[in-house]
Amino acid sequence: MTELNDYTFDEFLHLEIEEREQYKQYGIYSKANGFGLPEVLEWEWGKVQQIRDMINQERLSYVEMIEILCTSYGKTREEILLKKWHEVFKMYNFVSEEISRVNEFEKELNYEPEASEINAGIDEFRQFGWFTTLYRLSGGDPLKYEAMGKMSYSDIFATLKLQRVDNEFNRRLMRQKHV
């Protein structure tokens, strides 16, 4: 293929498999462009978590890709389908890069549970994913879930990081008292 056509994303989806794969290769490596979408720190925390759930899968279908863009950009499926194929890939690449940043940020929140926590069954909380965080931040009040989800990612991240530092400090302090 020497020349790329300016297909809409809908037209791209209806190309023959071989031709679509060739376009996809160009799209995957195209430069990310948010087309006005702010950086991830400004996104709503709940949306970031929903997008992470979808984007962090091993395989991603075009239907899921469209859903990710709809959630990220507040667009309808039809609006995404009418965009040019290369714009959709640039938008997706931007969202993907931003979610990669979130994944890196959140490594700062990880900690190794103590033996007593493991013995008590802390791993059981993993089945709830980010809902555990929502539950704890809202004080277990489901009436606060929506408001928490609409807070900026940066505000929630700063709160979680402060909680982590506070918890580590209190653990160290308790150990010193028992020495």
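Is R171 buried, partly exposed or exposed, and at what relative accessibility? In this predicted model, R171 counts as partly exposed because its relative accessibility is 26%, a value that falls between the limits of under 20% for buried and over 50% for exposed. The legends below begin with this residue and its partners.

**View 1. R171 and E117 form a salt bridge between helix 10 and helix 7.** The closest N and O atoms of R171 and E117 are 2.6 Å apart, and the two residues, which are 54 residues apart, link distant parts of the chain, with R171 in helix 10 and E117 in helix 7. The pair also belongs to a network, since salt bridges with shared partners join E114, E117, R171 and R175.

**View 2. E108 and K161 form a salt bridge.** Here the closest N and O atoms lie 2.4 Å apart. E108 is found in the loop between helix 6 and helix 7 (115-120), whereas K161 is part of helix 10, and this pair links parts of the chain that are distant, 53 residues apart. E108 has a relative accessibility of 32% and therefore counts as partly exposed, and K161, at 33%, counts as partly exposed too.

**View 3. E39 and R101 form a salt bridge, one of 10 in the structure.** The closest N and O atoms of E39 and R101 are 3.2 Å apart. Because E39 lies in the loop between helix 2 (17-28) and helix 3 while R101 lies in helix 6, the pair ties together parts that are 62 residues apart in sequence. With a relative accessibility of 34%, E39 counts as partly exposed, and R101, with 29%, counts as partly exposed as well.

**View 4. Aromatic rings meet around F9 and F12 in helix 1.** A search of the whole structure finds 14 aromatic pairs. The ring centres of F9 and F12 are 5.2 Å apart and their planes stand at 20 degrees, so this pair is stacked. Within helix 1 the two residues are 3 residues apart, and about one helical turn separates F9 from F12. Both F9 and F12 are buried, and for F12 the relative accessibility is 0%. F12 also pairs with Y62: their ring centres are 5.4 Å apart and their planes are at 90 degrees, so this second pair is edge-to-face. The F12 and Y62 pair links distant parts of the chain, since F12 sits in helix 1 and Y62 in helix 4, 50 residues apart. Ring pairs join Y7, F9, F12, Y23, Y62, W85 and F89 into a cluster.

**View 5. The largest nonpolar core of the structure has 41 residues.** The residues with the most contacts inside this core are F9, F12, W43, L69 and V95. Several helices each supply at least two of its residues, among them helix 1 (9-13), helix 4 (62-73), helix 6 (85-107) and helix 10 (153-177). Helix 6 gives the largest share, 10 residues. In soluble globular proteins, nonpolar side chains tend to be buried together. Apart from residues up to four places away in sequence, L69 touches G74, I80, V88, M91, Y92 and V95.

**View 6. Helix 3 is largely enclosed by the rest of the structure, because 8 of its 11 residues are buried.** The buried residues of helix 3 are W45, G46, V48, Q49, I51, R52, M54 and I55, so the list includes Q49 and R52 alongside residues such as V48 and I51. These buried residues pack against helix 4, helix 6, helix 8, helix 9 and helix 10.

**View 7. S138 occupies a place in the loop between helix 8 and helix 9.** S138 counts as buried because its relative accessibility is 2%. A polar atom of the S138 side chain lies 3.0 Å from the backbone oxygen of L134. When its neighbours within four places in sequence are left aside, S138 is in contact with K144, Y145 and M148.

**View 8. R136 lies over the face of F125.** In this arrangement R136 is placed at 4.7 Å from the centre of the F125 ring.

Key
Residues are numbered from 1 along each chain as its sequence is written. This is a predicted model: local features need pLDDT of at least 70, side-chain atom pairs count only at pLDDT 80 or more; totals for chains, interfaces and linings use all residues. Side-chain values use heavy atoms; hydrogens and water are left out. A nonpolar core is a set of buried Ala, Val, Leu, Ile, Met, Phe, Trp, Tyr and Cys residues joined through side-chain atoms within 4.5 Å. Buried means under 20% relative accessible area, exposed over 50%, partly exposed in between (1.4 Å probe, protein chains only). Helices (H or I, at least four residues) and strands (E, at least two) are DSSP runs, numbered from the N terminus. Contact means heavy atoms within 4.5 Å. Rings of Phe, Tyr and Trp (its six-membered ring) pair if their centres lie within 6.5 Å; planes under 30 degrees apart count as stacked, over 60 as edge-to-face and the rest as tilted. A charge sits over a ring if NZ of Lys or CZ of Arg is within 6 Å of the ring centre and within 35 degrees of the ring normal. A polar contact is a pair of N or O atoms within 3.5 Å; within protein, one must be able to donate a hydrogen and the other to accept it, and residues adjacent in sequence count only if both atoms are side-chain atoms. A salt bridge is a side-chain nitrogen of Lys or Arg within 4 Å of a carboxyl oxygen of Asp or Glu.
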